[in-house]
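Colleague: I am new to this structure and would be grateful for a guided discussion. May I put my questions to you one at a time?

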Amino acid sequence: MKALIVWGGWDGHEPEQVAAIFKRILEAEGFEVEVSDKLEAYADKEKLLGLDLIVPVWTMGELSSELTQNVLAAVQQGTGIAGCHGGMGDSFRTNVDWQFMVGGQWVAHPGNDGVEYTVNIVNRETDSEPLLGGLEDFKVKSEQYYMHVDPVVQVHATTRFPVVPGPHDTNPPVDMPVVWTKTWGKGRVFYNSLGHHADIVDMPEVTEMMRRGFLWAAAGKQRAAAEGDQANNTSVYSGMQDNQYE
């Protein structure tokens, strides 16, 4: 299997270190891994179509319409995509096409870094068994991501808000998704909001979540190939960026 890791953007999320952890996980599972620190890695659409997995580790910045559509088209045709924290859920803040594919977007982390909170595992079945089956609830001291989330996602882990005081705490408590999956055409999408720094990604619980997410997302490529052109929708999503409201 072939995977592409693209890292960069805001250095505060330690993208190079996180990319190295992801490379280690993937190579241990037998992936042939290419790592790039350039968004131009998304320029070769045919190459992306030939991948089993794309792993974005890029916070903020901008992705051109052409490069966005290359990634979206590859995932739509079966290439999996999986990532964590701001490297996938806070990439390209003005890019609604990217957010539509991912299934959510970071909007706040009340209390900033250093908030202690619980991650609750939800044993939702994926491919006839729970994606995070066997994992226990655990505590983490980091940023607690408040997300705007697509209601279509399948949630596999949550965290309860509020933990710290703020203008949000006048609302009732809410269980915010931490780990979710969805599909984009024939492709599989996996997201985990944990991972503010490399030490959080390197926690055994988070590493195992990411390992399972990588394998699940990548496995969609073979399933899409087996199902052929009838799998899901085959029309190409053209996006909104070149057709803004008038």
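Colleague: Which residue of strand 13 stands opposite A82?

Modeller: The model is a predicted one. In it, strand 4 and strand 13 (residues 187-192) run parallel and are joined by 4 bridges. Within this pairing, the residue opposite A82 is F190.

Colleague: Which residue of strand 4 stands opposite L53?

Modeller: Strand 3 (residues 53-59) also runs parallel to strand 4, and 2 bridges join them. The partner of L53 in strand 4 is G80.

Colleague: What is the handedness of the β-α-β crossover from strand 3 to strand 4?

Modeller: After strand 3, the chain passes through helix 3 (residues 65-76) before it enters strand 4. The crossover formed by this path is right-handed.

Colleague: How many residues of strand 4 are buried?

Modeller: Strand 4 spans residues 80-84 and is mostly covered. On one side G80, A82 and C84 are buried, and on the other I81 and G83 are buried, which leaves both faces covered. The count of buried residues in strand 4 is 5 of 5.

Colleague: What is the angle between the planes of F92 and W98?

Modeller: A pair of aromatic rings is described by the distance of the centres and the angle of the planes. The structure holds 6 aromatic pairs. One of them joins F92 and W98, with 5.1 Å from centre to centre. The pair is edge-to-face, and the angle between its planes is 85°.

Colleague: Is W98 buried or exposed?

Modeller: Its partner F92 has 2% relative accessibility and counts as buried. For W98 the relative accessibility is 1%. Because the limit for burial is under 20%, W98 counts as buried.

Colleague: How many residues apart in sequence are the parts that the pair of Y146 and F161 ties together?

Modeller: Y146 and F161 form an edge-to-face pair, 4.9 Å centre to centre with 75° between the planes. Y146 belongs to strand 10 (residues 146-149) and F161 to strand 11 (residues 154-161). The pair therefore ties together parts whose separation in sequence is 15 residues.

Colleague: Which residue does a cis peptide bond join to F161?

Modeller: F161 is buried, at 1% relative accessibility. The peptide bond in question has an omega of about 0°. The residue on its other side lies in the loop between strand 11 and strand 12 (174-184), and that residue is P162.

Colleague: What is the phi of E14?

Modeller: E14 lies in the loop between strand 1 (2-9) and helix 1 (15-28). At 24% relative accessibility, E14 counts as partly exposed. Although E14 is not a glycine, its phi is positive, at about 50°.

Colleague: What is the relative accessible area of N112?

Modeller: N112 is found in the loop between strand 5 (104-108) and strand 6 (115-121). Its phi is positive, near 60°, in a residue other than glycine. N112 counts as partly exposed, and its relative accessible area is 46%.

Colleague: What is the radius of gyration of the protein chain?

Modeller: The protein chain has 7 helices and 13 strands. For its 246 residues the globule rule gives 18 Å, and the chain comes close to that value, so it is as compact as a globular protein of that length. The radius of gyration is 17 Å.

Colleague: What percentage of the residues in the protein chain is buried?

Modeller: The protein chain exposes about 11,100 Å², of which carbon and sulfur atoms supply 49%. Among its 246 residues, the buried share is 54%.

Definitions and conventions
Residues are numbered from 1 along each chain as its sequence is written. This is a predicted model: local features need pLDDT of at least 70, side-chain atom pairs count only at pLDDT 80 or more; totals for chains, interfaces and linings use all residues. Side-chain values use heavy atoms; hydrogens and water are left out. Rings of Phe, Tyr and Trp (its six-membered ring) pair if their centres lie within 6.5 Å; planes under 30 degrees apart count as stacked, over 60 as edge-to-face and the rest as tilted. Buried means under 20% relative accessible area, exposed over 50%, partly exposed in between (1.4 Å probe, protein chains only). Helices (H or I, at least four residues) and strands (E, at least two) are DSSP runs, numbered from the N terminus. Two strands pair if DSSP finds at least two bridges between them. A crossover is right-handed if, with the strands pointing away from the viewer, the path from the first strand over the helix to the second runs clockwise. The radius of gyration is taken over C-alpha atoms; the globule rule is 2.2 Å times the number of residues to the power 0.38. Accessible areas come from the Shrake-Rupley method with a 1.4 Å probe; for residues, only the protein chains shown count as cover.
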